[in-house]
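Trainee: Can we go through this model together? I'd like to see how each label is earned.
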Amino acid sequence: PSEIGAGSDRLLAVALLLCALGLAWPGSGGLFGGALEPEVGGAGASALLALPALFLLVLSGRAPRVWGLSPYLAFVALCFASLRFFPPSDTLQADRATLILLAGLALALGGAALASGGRELFARGAVLVSVLLLLPALIDRAGRFAGVLENTGATSEAALPGAAIGAWIFATRRGAWRWIGASVAF
């Protein structure tokens, strides 16, 4: 497989963060403020926001390291087999789950193709996305601290990967990023 250059590796990392940024954008510019069924729109937006990362991955010609993704790939195959052999009664929710599954697959393959520079940028970006999720929630007294996702559980779940990465940055790095990681993790 060909190697991704440092610039295109970082571009892939930014493209991988687009999905989370699009769904977590706070304020009136957010994608789902006041939507009747934000989870349905979020699934479609996730799939669309994952396309740039998939495009960059295909364009680079680099094959991702999929050995660690084997359980996820098996899960994807089982889900599609289940849809084929056991048609769902709620097709809207099945379509939503399929979109989320495909977006997750595209993002996992893109993440598996990142080199060290892209992984570092992705890690820092994930921490910043968690900050975007948590800061509005901390000052959102009227919404009962629900934040941009309008649900405290969903906000917490969405911020968890960045918080875990923040804890890792706190434990392994020095300087300002150490304290930014700690602020999200703790």
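Trainee: What makes you say that α6 bends at L160?

Mentor: The bend is the angle between axes fitted to the seven residues ending at a residue and the seven starting there. At L160 in α6 that angle is about 40 degrees, and a proline, P161, follows within four residues. Mind that this is a predicted model: local features need pLDDT of at least 70, side-chain atom pairs count only at pLDDT 80 or more, and totals for chains, interfaces and linings use all residues. Residues are numbered from 1 along each chain as its sequence is written, and side-chain values use heavy atoms, with hydrogens and water left out.

Trainee: How do you know that the length of α4 agrees with its 22 residues?

Mentor: Helices are DSSP runs of H or I, at least four residues, numbered from the N terminus. The expected span is 1.5 Å times one less than the number of residues. For α4 (residues 91-112) that gives 32 Å, and the end C-alpha atoms are 31 Å apart, so the two agree.

Trainee: And what span does α6 reach?

Mentor: Its 21 residues (152-172) reach 29 Å, close to the 30 Å expected.

Trainee: Why is T98 called buried?

Mentor: Buried means under 20% relative accessible area with a 1.4 Å probe, protein chains only. T98 comes in at 19%, so T98 counts as buried.

Trainee: What is T98 in contact with, beyond its neighbours within four places in sequence?

Mentor: F80 and L83, where contact means heavy atoms within 4.5 Å.

Trainee: Which residues of α6 are buried?

Mentor: T155, A159, G162, A163, G166 and I169. Their cover includes α5 (116-138) and α7 (176-185).

Definitions and conventions:
Helix = DSSP H or I, 4+ residues; strand = E, 2+ residues; numbered from the N terminus. Buried < 20%, exposed > 50% of the residue type's maximum accessible area, 1.4 Å probe, protein only.
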